[in-house]
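Reader: I have the model open and would love a close look at one part of it. Could you pick a residue in the interior and walk me outward from there?

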Amino acid sequence: MKSAPIILVPGFWLGAWAWDEVAAALRAGGHQVTALTLPGLDAPGTDRSAITMAAHVDAIVAAVEAAGRPVVLAVHSGAGAPGYGATDRVPERIAAMVYVDSGPVRGALEPGFTGVESPPPDWSGPDADAPALTVEQLDRFRRLALPQPGAALREAAPLADPARLAVPTTVICTSMPSSEIKDAARRGLPFVGGLSELHDVTYLDLPTHHWPMWSRPDDLAAILASLAVASAAGR
């Protein structure tokens, strides 16, 4: 089976481990998969004060270039910012861009954020608005999630190459339906600010919550596999 390499980038607070189930399903199907841990999300004691948005873009670009041929680049949540930056840097190396409960971020998500890092939510206590995860999933998140470097919130990824606008893009809508994502794009909300400028966007609804890699890993893997096969075939 001919298939484009697949690169998986986790969202805020997460490392490559967040994609374990999806990556395993894809590899079982014969796909070449790389899951990334972005700079600053590798160890509890990491100094996050010196980690920039550019470092996150660089890490994604390096993985794309290492694949040796055009890839399917799937980014989750806050990784939409450096992910969109990567499409600007190497648009010719991205056969398909996939935003998983995410979008192409224009500008900074929280330009006024001044902290060195943003700690992961704890979701404990009687008034906590915990997500619809299993007890085991919540426990794993609490054990493995790490603070997000502050630059990921306050810095914007540089965008300069209009070739990024032609990269085929799929938005997988999980915590909100595609109709709401499209409305957010029309209103210019930062987390999906780039959608209105892209030339080729497909929306897929996969109803669940913000972490479909845990709640619907096989379904998410099937979508990514289909895109990888289609991309290798030039469709």
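Author: Happily! Let us start at Leu-224, which touches Ile-6, Leu-8, Val-22, Leu-26, Ala-74 and Val-98, leaving aside residues up to four places away in sequence. Please keep in mind throughout that this is a predicted model.

Leu-224 belongs to the buried residues of H8, together with Pro-217, Leu-220, Ala-221, Ile-223, Ala-225, Leu-227, Ala-228, Ala-230 and Ser-231. The helix itself covers residues 217-232, 16 residues in total. From its first C-alpha to its last, H8 reaches 22 Å, close to the 22 Å expected at 1.5 Å a residue. Just after H8 you will find Gly-234, with a positive phi of about 80 degrees.

Now for the surroundings of Leu-224. The largest nonpolar core has 38 residues, and Leu-224 is among those with the most contacts inside it, along with Leu-8, Val-22, Leu-26, Val-98, Trp-214 and Leu-220. Several elements give two or more residues to this core: strands S1 (6-9), S3 (71-76) and S4 (94-100), and helices H1 (20-28), H4 (135-144), H5 (151-154), H7 (212-215) and H8. H8 gives the most, with seven residues. A second, separate core has 34 residues, and includes Val-57, Val-90, Ile-94 and Ala-157.

H8 also takes part in an open site. The second largest pocket has a volume of about 150 Å³. Twelve residues line this pocket, and Pro-168, Thr-169, Thr-170, Thr-202 and Leu-227 lie nearest its centre. At least two lining residues come from each of S4, strand S7 (169-173), strand S8 (201-205) and H8, and H8 supplies the largest share, three residues. By class, the lining of the second largest pocket has six nonpolar, four polar and two charged residues.

From here we can move to the largest pocket, which holds about 250 Å³ of space. Of the 16 residues that line it, Ser-77, Gly-78, Asp-101, Phe-191 and His-210 lie nearest its centre. The lining of the largest pocket divides into seven nonpolar, eight polar and one charged.

Two of these central residues deserve a pause. Ser-77 sits in the loop between S3 and H3, whereas Asp-101 is in the loop between S4 and strand S5 (117-118). Ser-77 touches Asp-101, and its other contacts are Gly-11, Val-100, Ser-102 and His-210, not counting residues up to four places away in sequence. Although it lines a pocket, Ser-77 counts as buried because its relative accessibility is 18%, and buried means under 20%. Asp-101 counts as buried too, because its relative accessibility is 10%.

The backbone at these two residues is worth a look as well. Most residues other than glycine have a negative phi. Ser-77 is not a glycine, yet has a positive phi of about 55 degrees. Asp-101, also not a glycine, has a positive phi of about 45 degrees. To place Ser-77 within the wider chain, you could use Pro-162: the two residues are 85 apart along the chain, and 23 Å separates their C-alpha atoms.

On the other side of the Ser-77 loop comes helix H3, residues 80-89. H3 is mostly covered, with nine of its ten residues buried. Those buried residues are Gly-80, Ala-81, Pro-82, Gly-83, Tyr-84, Gly-85, Ala-86, Thr-87 and Asp-88. What covers them includes helix H2 (53-66), S3 and S4. S3 and S4 thus turn up again here, after giving two or more residues each to the largest nonpolar core.

One last stop is an enclosed space. The structure holds one cavity of 30 Å³ or more, and the largest cavity contains about 70 Å³ of space. It is lined by 13 residues, of which Pro-10, Gly-11, Leu-38, His-56 and Gln-148 are the closest to its centre. Gly-11 is a residue you have already met, as one of the contacts of Ser-77. The lining of the largest cavity has nine nonpolar residues, four polar ones and no charged ones.

Conventions. Residues are numbered from 1 along each chain as its sequence is written. This is a predicted model: local features need pLDDT of at least 70, side-chain atom pairs count only at pLDDT 80 or more; totals for chains, interfaces and linings use all residues. Side-chain values use heavy atoms; hydrogens and water are left out. Helices (H or I, at least four residues) and strands (E, at least two) are DSSP runs, numbered from the N terminus. The expected span of a helix is 1.5 Å times one less than its number of residues. Buried means under 20% relative accessible area, exposed over 50%, partly exposed in between (1.4 Å probe, protein chains only). On a 1 Å grid over the protein atoms alone, a cavity is a set of points where a 1.4 Å probe fits but cannot get out, and a pocket is an open set with protein on both sides within 12 Å along at least five of seven lines; lining residues have an atom within 4 Å of a point. Grid points are joined across faces, edges and corners, and a volume is the space filled by probe spheres set on the points. Ala, Val, Leu, Ile, Met, Phe, Trp, Tyr, Cys and Pro count as nonpolar, Asp, Glu, Lys and Arg as charged, and the others, Gly among them, as polar. A nonpolar core is a set of buried Ala, Val, Leu, Ile, Met, Phe, Trp, Tyr and Cys residues joined through side-chain atoms within 4.5 Å. Contact means heavy atoms within 4.5 Å.
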